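Q: I'm new to this one and would like a close look at a single part. Could you walk me through how the four-stranded sheet is put together, and then what surrounds it?

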Amino acid sequence: MKTDIENLVRKNILTLKPYSSARNEFKGVASVYLDANENPYGSPLPGSYNRYPDTAHQALRERLAAMNLLQPDQVCIGNGSDELIDQIIRIFCNPGRDEIIVCPPTFKMYETAAAINDVGVKKIYPDEDFQPVPERVLREATTCSKVIFLCSPNNPTGNSVKPEIIEDLLQCFGGIVVLDEAYIHFSSQPSWVSQLSKYDNLIVLQTMSKAWGLAGLRLGIAYAHPAVIDFIMRIKMPYNINSVSQKLGLDALKNVEQVNQWRNEILMERNRMAQAFEDIPYIEKVFPADANFILIRVKDAETLYGHLRKKGIVVRNQSAQYGLRNCLRISIGTPEENIKLIQELINYKE
Ligand SMILES: *Cc1c(COP(=O)(O)O)cnc(C)c1O
């Protein structure tokens with residue numbers, strides 16, 4: 001669908017003159033750099049970090065674009081996808097006036113980022129299988145509903161959103177559709193990155209924090225129409241991706257085989273875990289899982305959580321989320337970790 005992106009962007013962002021740093025004013029290669037007030041000698045460390053990083057993180061963008069058959073101007077990096085969520089809200093939503101739409105239970109960060117920006121949150125509850133309901137969304141949406149956040153596979157429920165629902169919203173919702181694919185590597189569904197050319201209003205978020213094993217480096221990825229990427233590049237802090245993260249992120253992308261192998265092991269463990277959970281009488285429900293975690297419902301989540309905690313095992317209690325009373329979210333660990341958890345669950349007497 002063709003959307004006039006500029007019509008959705010806040011006026012002050014449209015007219016913003018971006019900060020111009022030393023490193024984006026001079027782009028070539030020189031032998032003497034006296035433009036950024038850096039320490040010319042180096043760093044008091046084995047490595048040298050005295051130079052500012054590439055503001056456009058060009059090498060990473062080129063590599064990610066090539067891996068996804070896109071152009072570099074359709075990709076940008078955030079300091080974690082959390083930063084991208086905040087940036088998207090700031091580009092499109094006027095504080096005190098506009099709102100985002102979320103379909104709880106889902107990732108809480110959308111709501112938190114909106115609240116920080118004094119942007120409203122309209123909650124449109126999904127059906128009993130946690131599938132967003134486009135008719136409900138479209139009925140409730142107003143001209144102030146600038147962005148809808150969908151998460152597929154969804155955290156914390158673990159299900160993927162049906163493609164026809166995503167397509168419906170892309171075609172009929174008047175604002176930006178953010179599809180958070182943080183767990184796409186574990187999904188039976190393909191990524192929507194390949195559909196970008198069809199939908200100007202689609203932003204796909206991915207991250208190197210989960211399957212890629214780089215949560216500590218803070219590398220989130222946005223794939224979108226070049227106009228959207230351009231706005232993110234204009235409002236971002238000039239040096240948001242540090243040089244260590246840029247370099248190690250690029251190195252990691254060369255090792256996709258390792259990541260795929262871990263993914264396959266995690267998927268096998270997920271099946272084994274789901275099976276084991278099914279056989280435990282006090283687990284009332286094992287929700288279908290399309291990510292690297294499984295949501296379960298028990299009689300008393302708080303007590304079980306405390307019991308596991310005492311045994312040195314931390315899971316996530318999701319009871320505070322809409323529709324998830326007595327639900328625990330359990331990440332898939334190594335086979336040894338999973339065996340330890342299952343053993344404790346079997347030993348646990350209600
Ligand atoms: C973990 C997670 C993220 C955060 O990713 P970072 O890149 O580490 O900020 C984003 N979305 C969802 C749904 C997540 O579960």
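A: Here is a walk through the sheet, followed by the helix pairs and a few unusual spots in the backbone. Keep in mind that this is a predicted model.

Let's get our bearings. The protein chain holds 13 helices and eleven strands. Measured out along the principal axes, its C-alpha atoms fill a box of roughly 70 × 55 × 35 Å. For 350 residues, a compact globule would have a radius of gyration near 20 Å, and the protein chain has 22 Å, so the two agree.

Now for the sheet itself. It is an open sheet of four strands, and reading across it you meet them in the order E8-E9-E11-E10, with antiparallel pairing. The edges belong to strand E8 (283-286) and strand E10 (316-317); each has a single partner strand, so one side of each has no neighbour in the sheet. Take a look at the E10 edge: E10 and strand E11 (residues 327-331) run antiparallel and are joined by two bridges. If you want a residue to click on, try Asn 317, whose bridge partner in E11 is Leu 328.

The sheet also has a helix packed on it. That is helix H11 (residues 256-278), which touches E8, strand E9 (293-298) and E11. The direction of H11 makes about 5° with that of E9.

Next, a pair of helices from the same end of the numbering. Two packed helices are described by the angle between their axes and the distance between the axes. Helix H12 (residues 301-310) and helix H13 (residues 335-347) pack at about 125°, and their axes are 11 Å apart. That angle makes H12 oblique to H13. The crossing of H12 past H13 is right-handed. On the H12 side the contact is made by Leu 304, His 307 and Leu 308, which meet Leu 341, Glu 344 and Leu 345 in H13. Sorted by class, those contact residues come out as four nonpolar, one polar and one charged.

For another helix pair, go back to earlier residues. The axes of helix H5 (residues 81-92) and helix H6 (residues 109-116) come within 9 Å and cross at roughly 50°. H5 and H6 are therefore oblique to each other, and their crossing is right-handed. Here Asp 82, Ile 85, Asp 86 and Ile 89 in H5 meet Met 109, Tyr 110, Ala 113 and Ala 114 in H6. This contact has six nonpolar and two charged residues, with no polar ones.

Finally, some backbone details in the loops. Pro 104 and Pro 105 are joined by a cis peptide bond, with omega about 5°. You'll find Pro 105 in the loop between strand E2 (99-102) and H6, the helix that packs with H5. Another cis peptide bond links Ser 152 to Pro 153, where omega is about -10°; Pro 153 sits in the loop between strand E4 (145-151) and helix H8 (163-172). And Asn 37 has a positive phi of about 55° although it isn't a glycine. Look for Asn 37 in the loop between helix H3 (22-25) and helix H4 (58-67).

Note on methods. Residues numbered from 1 in each chain as written. Predicted model: local features only at pLDDT ≥ 70, side-chain atom pairs only at ≥ 80, totals over all residues. Heavy atoms only, no water. Axes fitted to C-alpha atoms, helices over the stretch in contact; angles between N-to-C directions. Parallel < 35°, antiparallel > 145°, perpendicular 65-115°, else oblique. Left-handed = near helix turned anticlockwise from the far one by under 90°. Contact = heavy atoms within 4.5 Å. Nonpolar A, V, L, I, M, F, W, Y, C, P; charged D, E, K, R; others polar. Pairing = 2+ DSSP bridges. Rg over C-alpha atoms; globule rule 2.2 N^0.38 Å.
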